[in-house]
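Student: Could you take a close look with me at one part of this model, and then walk me outward from there? I would like to follow the charged side chains and see what they connect.

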Amino acid sequence: MHPEIIDALSVAGDRAKINDDCFGSAGNRLWVLDGATGLGASLLPGKSDAAWLSRTANRLLHAHHAIRETDQLVGVVIEGLVAAFAAERIAQPEARWQLPCAALLMLTFGVDTVEAVWLGDCRAVLEIGGSIVTCGETPEGEAQERAYAAALGQGAGASVMLRSQAVIASLRESRDAFNTGRGRWVLGLEPKATEHLQKQRFPRSGPVRGLAMSDGFSALELKYQRYAAGALLQAAGQKGLAALAMELRHIEDRDDPDGVQFPRFKRSDDATAVLFCAD
């Protein structure tokens, strides 16, 4: 069963910077990648190590999508990332927080199931047999992130958070714990991440409709609470993703530009969404 992309959108959070998100689809799979914002000098050529990671992973997923077992596919992708990093890096990392990484959510469509696997905080909303189900980032996870931003920001405002040395130091400490068992497991240069893939399998006996998103877009549901999960999927089909992206940026640029109501580390994040169906 091959998913059909109905609508797709991927926009940078800051027009002056490269978009670290990307998405792809090949065979019976569809995925979203969200590169983690760099916290220091680049180790790789180009404008962003995070963009390098997400785009390299995207190419590897396209190249190896036919691998049947998801764990094996993700393992092959990580092996490719490790090899590409060794070949292309222009500087040697001195700390773990410098290593590029990304969130990944991938859906595999079978005859009678949909399998979701993820690392990090991307999210998907699916309509299967008339019921709404979700996978990936949770409201609880987003609430923890919001509380973390509020505690670090102490009223500084989203527009200046990532220019604060204290905030950067704390984020580096948190990033140091990624892929170690002390923090979040993400897609990057650590092969052991395949052992920590989060998974859900949904039975299906008919068409599936869904919306796969980076956290910058799912903020409409989880962070800003403008839509419930099912309502967001419905709005994506009725309004279109471009209109929803305008709503998203209106909240961030006009309603709450300083992150007072909705604490966050930057005013706007890269936002990616893919609306799809699979018969």
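Tutor: Happy to! Let's start with one pair: the side chains of K199 and D71 form a salt bridge, with N and O 2.6 Å apart. K199 belongs to strand 8 (residues 198–203) and D71 to helix 2, so this pair ties together parts that lie 128 residues apart in sequence. Please keep in mind that the model is predicted. How exposed are the two partners? K199 has a relative accessibility of 43%, so it counts as partly exposed. D71, at 30%, counts as partly exposed too.

From D71 we can step to the helix that carries it. Helix 2 (residues 70–88) has helix 1 (residues 49–64) as a neighbour: their axes come within 9 Å and cross at roughly 130 degrees. That angle makes helix 1 oblique to helix 2, and the crossing is right-handed. On the helix 1 side, the contact is made by W52, L53, T56, A57, L60, L61 and H64. Helix 2 answers with L73, V76, V77, G80, L81, A84, F85 and E88. Sorted by class, the contact has eleven nonpolar, three polar and one charged residues.

Back to the charged pairs: the model has twelve salt bridges in total. Another of them joins the side chains of E137 and R184, with 3.9 Å from N to O; the cut-off for a salt bridge is 4 Å. E137 sits in the loop between strand 7 (131–136) and helix 3 (139–153), while R184 sits in the loop between helix 4 (165–176) and strand 8, so the pair ties together parts 47 residues apart in sequence. The two ends fall into separate exposure classes: E137 counts as buried because its relative accessibility is 9%, whereas R184 is partly exposed, with a relative accessible area of 34%.

Helix 3 itself holds a pair within one element. E142 forms a salt bridge with R146, and their closest N and O atoms are 3.5 Å apart. Why about one helical turn between them? The two residues are four apart in helix 3, and so E142 and R146 are separated by about that much. E142 counts as buried, since its relative accessibility is 8%. This pair also reaches further: salt bridges with shared partners join E142, R146 and K223 into one network.

So your starting pair, K199 and D71, ties strand 8 to helix 2, while E142 and R146 pair up within helix 3.

Technical notes. Residues are numbered from 1 along each chain as its sequence is written. This is a predicted model: local features need pLDDT of at least 70, side-chain atom pairs count only at pLDDT 80 or more; totals for chains, interfaces and linings use all residues. Side-chain values use heavy atoms; hydrogens and water are left out. Axes are lines fitted to C-alpha atoms, for helices over the stretch in contact, and angles run from 0 to 180 degrees between N-to-C directions. Angles under 35 degrees count as roughly parallel, over 145 as roughly antiparallel, 65 to 115 as roughly perpendicular and the rest as oblique. A crossing is left-handed if the near helix is turned anticlockwise from the far one by less than a right angle, and right-handed if clockwise. Contact means heavy atoms within 4.5 Å. Ala, Val, Leu, Ile, Met, Phe, Trp, Tyr, Cys and Pro count as nonpolar, Asp, Glu, Lys and Arg as charged, and the others, Gly among them, as polar. Buried means under 20% relative accessible area, exposed over 50%, partly exposed in between (1.4 Å probe, protein chains only).
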